[in-house]
Structure formats: structure tokens, C-alpha cells
Amino acid sequence: MKILEHEAKKVLEESGITIPQSVLIRSPDELATHLGSLPDKLVLKAQVDVGGRGKAGGILMAEKANAMVTAKDLFSREIKNIPVKEVLVEERLDIVHEYYLSIAVDRSTKHVLILFADAGGVEIEKVAKENPDAVRRASLPLIMHDVPQFMVRDLLGIAPKELGPVINQLYHVFQKKDALLAEINPLVTTPKGVVAADAKLIVDDNALKRQGITVNRDLSEREREAERFGFSYVELDGTIGVIGNGAGLTMSTLDLIEYYGGRAANFLDVGGGAEQERVMNAVRLVASVPSVKAIVVNLLGGITRCDEVAKGIISAGVTQPVIVRLAGTNEAEGRGLLAEKGYQMPDTMEQVVKAAVEMTR
Ligand code: GDP
Ligand code: MN
């Protein structure tokens, strides 16, 4: 998950990196109350999650005297189609030189990759393409607590030594925040010292809980319910409800539905060892989607017991036809229970899917 500039800068500051004096505002009116404490020369920066924000019109220079007008202008803009809802108002830095610094996980080597370039402010991809020698690299194992001084010196090359400490400070942020990427572009030198003029932080989604970050995703009522039950559930726009166990089996069920010309209404993986109640909840959840005309249950009995699955399907008591493929542990018992109630149980996965596609045509 990407952390917006103003939040990322706060994180950098906690680790000792200097950031510009600033206030975050949600409307031009909010700026009025802060103007007194701000310097004369300002930069207004739209807090939108897009790259190349400056070029796209998301960064405006202002003087205190015209800051309100500039803020109104910025709030009325859309930056690459994203409306501006928050603006970071910062002291304008007196930039001597712009550098690039980033720390990222390098999946190919399973190391941490540090990049430093003398040419900051512009896109690093462009620098790397046009002038590959300008980008200096260092790679170190994830277990290191600090970036060794020889690496810091090598990264900096002929750049000022005063930039050195920031490399370790950013490295500590990277580690502490479970980041996939920590980037300062540009890292600038000013007459008053080294300052992070921009910041970007991407936290590993698997670490959000540990980091105490809550994500406000727009979940549908059903998706929220699926989350409560602990199902892996994704809503699609077809007419065939799908329940499987294991992501692979469930995905191949979706593939077969597409293959035979049907449209899946969802992906739902109940997980291993599902018992009656869990299966019942899954069937009811899928059946509650108004567009669902038939439901395919494709479950493999390993630790999951087919008789529990059968009881779950029966107790769900949904109105749509449920076509079942059951194989594995306690298969005969499961099939027996379903047969008594007249459920369709074709022998193969292909036949199950074909039957569902026929019904929904
Ligand atoms: P980005 O376009 O989203 O990467 O936004 P940045 O925050 O990196 O700003 C883009 C560019 O605007 C920087 O590379 C600088 O050249 C310029 N800029 C940003 N803040 C300041 C500042 O305080 N003073 C000056 N002089 N230029 C700035
Ligand atoms: Mn930038």
C-alpha cells in the first residue's frame, strides 16, 4: 500500500530526516488560519496518488499574499483525473541541488537495493535510460541493521558527504515500516542543510496489520460478510455462483465456466476442512447475489469431509439449483445424502460446469 507524501514525510521525520515546515489543509479556508505561522515563499502540493504530479499541475508555487487564490486553484483541479482533496502547504526550499535516493526490495536477488543518483527531481527510469552511469547502486542482505559506511561512500561518489546519514536514516525507515519501497525524490541540499523535498513509501500489504494501518476499501455488503466468515471472495458479474476449496481448484472452475461459454458470478474459496456451517454460509452468501441463477460447488475432500459438505449444501436451502462435484474423504456418504434430496452430481468437473452453463443460458 502506498502512503501519501504528507504521511510518508512524518515517518521520515521520526527517523531524523529533515522535512520542510508544512501544514496539511482540506480546503482553502483552512489555509487562512495557518498563514500567520508560515513563511512568505510557499509550495502547494496536491496529495494525490499519481506519479509525475509536478508535471501534471499538482505542484504550485505561491507567495503568502496570493496563497489563498493559489489554494483555490489547486483544489479545483484534477490531477490525472484524481480530484484534489488535500493539499500540503510547505515552506519553499532554496534548492542548491536535487538528488535521488531509494531503497527497495529486489525480488530477484532477495536483497535490499539502494539507488542514489546525482540527478534528482526527474523520473529515475528516465535517468537510468539516458545516463545509466549516473545511477549508483548498492545491494545488501535484508538482515543488515545498517548500511555499511563503505557502501554509503560508494553510493555518494562525489556528492556531498552531508547526504550520507540520510541513507542510513531512510534504511531504518524501510526496515521499521516493512516497506517494499522508500524513496526520496528529490533529496535536496539547501543553504540550511539536507531536506527530503518529496517522499514515497510503499508498505508491504502483508504487514499492514503489524503496522497498524487500516485500509478503507470500498467493500460491498457481501464482501464484508465474506471477510467475517474468512472466505477468499471476489465478486464478478456473471450468473454462475462458484464455491471451491483451494485457490487453484476454484480458479480452474472459473476457467472452465469461461471455456464453456458461461459467466462466473464470483470466486469463493471456503478453505480447507470446511464443516457443515461454513459450507452453508458460503452457499447462502453466493445465492444472495441477485444475478446468480445456478451454483457450482466443486470441493475436494482431503481434510474436508464430503458428508459435512453435503449437509452444508442441504441446510443452506437456497432456491437456485446447486450442482455438485464431490470427491475424496467420505465421498459415498456425501453423495448419498445429496442423492436423497435430488441434487445433480455429474461425475466430472467438466460435466458439472457444462450443466451449470446450460441452465444459465
Ligand atoms: P512529484 O512531481 O510528485 O515528484 O513532486 P515533487 O514533490 O518531487 O516536486 C517536483 C519538483 O518540484 C521538484 O523536483 C522540485 O524541482 C520542485 N519543487 C518541489 N518543492 C520545491 C521547493 O520547496 N522549492 C523549489 N524551488 N522547488 C520545489
Ligand atoms: Mn518527486
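I began with Ser315, which comes out as partly exposed, its relative accessible area being 26%. Since a residue has to fall under 20% to count as buried and rise over 50% to count as exposed, I entered Ser315 in the class between these two because of its 26%. I note here that the model is a predicted one, and I read every value below with that in mind.

I then looked up where Ser315 sits, and found this residue in helix 11, the run covering residues 306–316. For a relation across the chain I checked Gln276, which is 39 residues away from Ser315 in sequence, while the two C-alpha atoms are 8.2 Å apart in space.

Next I turned to the metal. Which protein atoms act as donors to the manganese ion, ligand 2? I found Asn185, through O, and Asp198, through OD, lying 2.2 Å from the ion. I traced both along the chain: Asn185 belongs to strand 11 (residues 179–190), whereas Asp198 is in the loop between strand 12 (193–196) and strand 13 (200–203), so that this pair, 13 residues apart, links what are listed as distant parts of the chain.

Are these two donors buried or exposed? Both Asn185 and Asp198 are buried. For Asn185 I also wrote down the value, a relative accessibility of 13%, and it counts as buried because that is under the 20% limit. Staying with Asn185, I followed its side chain to the backbone nitrogen of Gly121, which it reaches at 2.6 Å.

I moved on to ligand 1, which has 17 residues around it, and among these Lys45, Arg53, Gly54, Leu93 and Glu98 come nearest. I took three polar contacts in turn, each to an oxygen atom of the ligand. A side-chain N or O atom of Lys45 is 2.7 Å from such an oxygen. In Leu93 the partner is a backbone N or O atom, at 2.8 Å. For Glu98 I noted a polar side-chain atom at 2.6 Å from an oxygen of ligand 1.

How much of the accessible area of ligand 1 does the protein cover? On its own the ligand has 570 Å² of accessible area, and the protein covers 80% of it. I also checked the space that ligand 1 takes, and this is the largest pocket. The elements that give two or more residues to the shell around ligand 1 are strand 3 (41–46), strand 4 (59–63) and strand 11. I close on strand 11, since I had met it already at the metal: Asn185, one of the manganese donors, lies in this strand.

Conventions. Residues are numbered from 1 along each chain as its sequence is written. Chains are lettered from A and ligands numbered from 1 in the order in which they are written. This is a predicted model: local features need pLDDT of at least 70, side-chain atom pairs count only at pLDDT 80 or more; totals for chains, interfaces and linings use all residues. Side-chain values use heavy atoms; hydrogens and water are left out. Donors are N, O and S atoms within 2.8 Å of the metal (3.2 Å for Na, K and Ca); water is not among the atoms, so sites may look incomplete. Helices (H or I, at least four residues) and strands (E, at least two) are DSSP runs, numbered from the N terminus. Buried means under 20% relative accessible area, exposed over 50%, partly exposed in between (1.4 Å probe, protein chains only). A residue is near a molecule or strand if one of its heavy atoms lies within 4 Å of it. A polar contact is a pair of N or O atoms within 3.5 Å; within protein, one must be able to donate a hydrogen and the other to accept it, and residues adjacent in sequence count only if both atoms are side-chain atoms. Accessible areas come from the Shrake-Rupley method with a 1.4 Å probe; for residues, only the protein chains shown count as cover. On a 1 Å grid over the protein atoms alone, a cavity is a set of points where a 1.4 Å probe fits but cannot get out, and a pocket is an open set with protein on both sides within 12 Å along at least five of seven lines; lining residues have an atom within 4 Å of a point. A molecule sits in a cavity or pocket if more than half of its atoms lie within 2 Å of its grid points.
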